[in-house]
Amino acid sequence: MLNLNMDLANLQQSRQAEQNLLAKNTDGSLTSTGKDFEAVFITQMLQPMFEGLESDGLFSGGQSEKIYRSMLLDQYGKMMAEHSRIGIADAVNKEMLRLQEVQSQ
């Protein structure tokens, strides 16, 4: 039981340290970097899903469709990272906080 209390106290201290470092990061660059990384990751995961789609119809196909499809996938990735939070941004932010803390010591 004592170990559980110590682990809980350590967890609370590390959570407080993360919150303090995030509070110091007033421009929001740390959190936006994590979200941007997550968006790029999601976009990369979505690309294979759309590679095999065939185009048909009068106004389909060609180089412009490939360009617009990549732009569409970028926007899908940004929207999913902003709204669904799969957890990559949190992991990136925690690692960046840890690195900042190590550098400041």
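1. Start with one pair: the side chains of lysine 35 and glutamate 82 meet in a salt bridge, at 3.5 Å from N to O. Lysine 35 sits in helix α2 and glutamate 82 in helix α3, so this pair ties together parts that are 47 residues apart in sequence. Keep in mind that the model is predicted.

2. How exposed are the two partners? Lysine 35 is partly exposed, with a relative accessible area of 28%. Glutamate 82 is partly exposed as well, at 44%. Partly exposed covers the range between buried, under 20%, and exposed, over 50%.

3. How many salt bridges does the structure hold? The count is 3. The general idea is simple: side chains of opposite charge can pair when their charged atoms come close.

4. Now take glutamate 65 and arginine 69. Their side chains meet in a salt bridge of 3.0 Å, N to O. Both residues lie in helix α3. They are 4 residues apart, about one turn of the helix. Glutamate 65 is partly exposed, with a relative accessible area of 22%. Arginine 69 is partly exposed too, at 23%.

5. Another salt bridge joins the side chains of glutamate 95 and arginine 98, at 2.6 Å from N to O. This one belongs to helix α4, which spans residues 88-104. The two residues are 3 apart there, so about one helical turn separates them. Glutamate 95 counts as partly exposed at 36% relative accessibility. For arginine 98 the value is 44%, again partly exposed.

6. Next, the largest pocket. It holds about 230 Å³ of space. Its lining has 13 residues, and those closest to the centre are Phe50, Glu51, Glu65, Lys66 and Arg69. Two of these names are familiar: Glu65 and Arg69 are also salt-bridge partners.

7. Which helix gives the most to the lining of the largest pocket? Helix α3 does, with 5 residues. Both α2 (29-51) and α3 (63-83) supply at least two residues of the lining.

8. What is the lining of the largest pocket made of, by class? There are 3 nonpolar, 5 polar and 5 charged residues.

9. Last, the surface. Phe37, Phe41, Met45 and Ile86 make a nonpolar surface patch of about 410 Å². One of them, methionine 45, has its place in helix α2. Helix α2 also carries lysine 35, the residue that opened this note.

Notes: Residues are numbered from 1 along each chain as its sequence is written. This is a predicted model: local features need pLDDT of at least 70, side-chain atom pairs count only at pLDDT 80 or more; totals for chains, interfaces and linings use all residues. Side-chain values use heavy atoms; hydrogens and water are left out. On a 1 Å grid over the protein atoms alone, a cavity is a set of points where a 1.4 Å probe fits but cannot get out, and a pocket is an open set with protein on both sides within 12 Å along at least five of seven lines; lining residues have an atom within 4 Å of a point. Grid points are joined across faces, edges and corners, and a volume is the space filled by probe spheres set on the points. Ala, Val, Leu, Ile, Met, Phe, Trp, Tyr, Cys and Pro count as nonpolar, Asp, Glu, Lys and Arg as charged, and the others, Gly among them, as polar. Patches are made of residues with over 30% relative accessible area and no salt bridge: like charges are joined within 9 Å, nonpolar side chains (Val, Leu, Ile, Met, Phe, Trp, Tyr) within 5 Å. Accessible areas come from the Shrake-Rupley method with a 1.4 Å probe; for residues, only the protein chains shown count as cover. A salt bridge is a side-chain nitrogen of Lys or Arg within 4 Å of a carboxyl oxygen of Asp or Glu. Buried means under 20% relative accessible area, exposed over 50%, partly exposed in between (1.4 Å probe, protein chains only).
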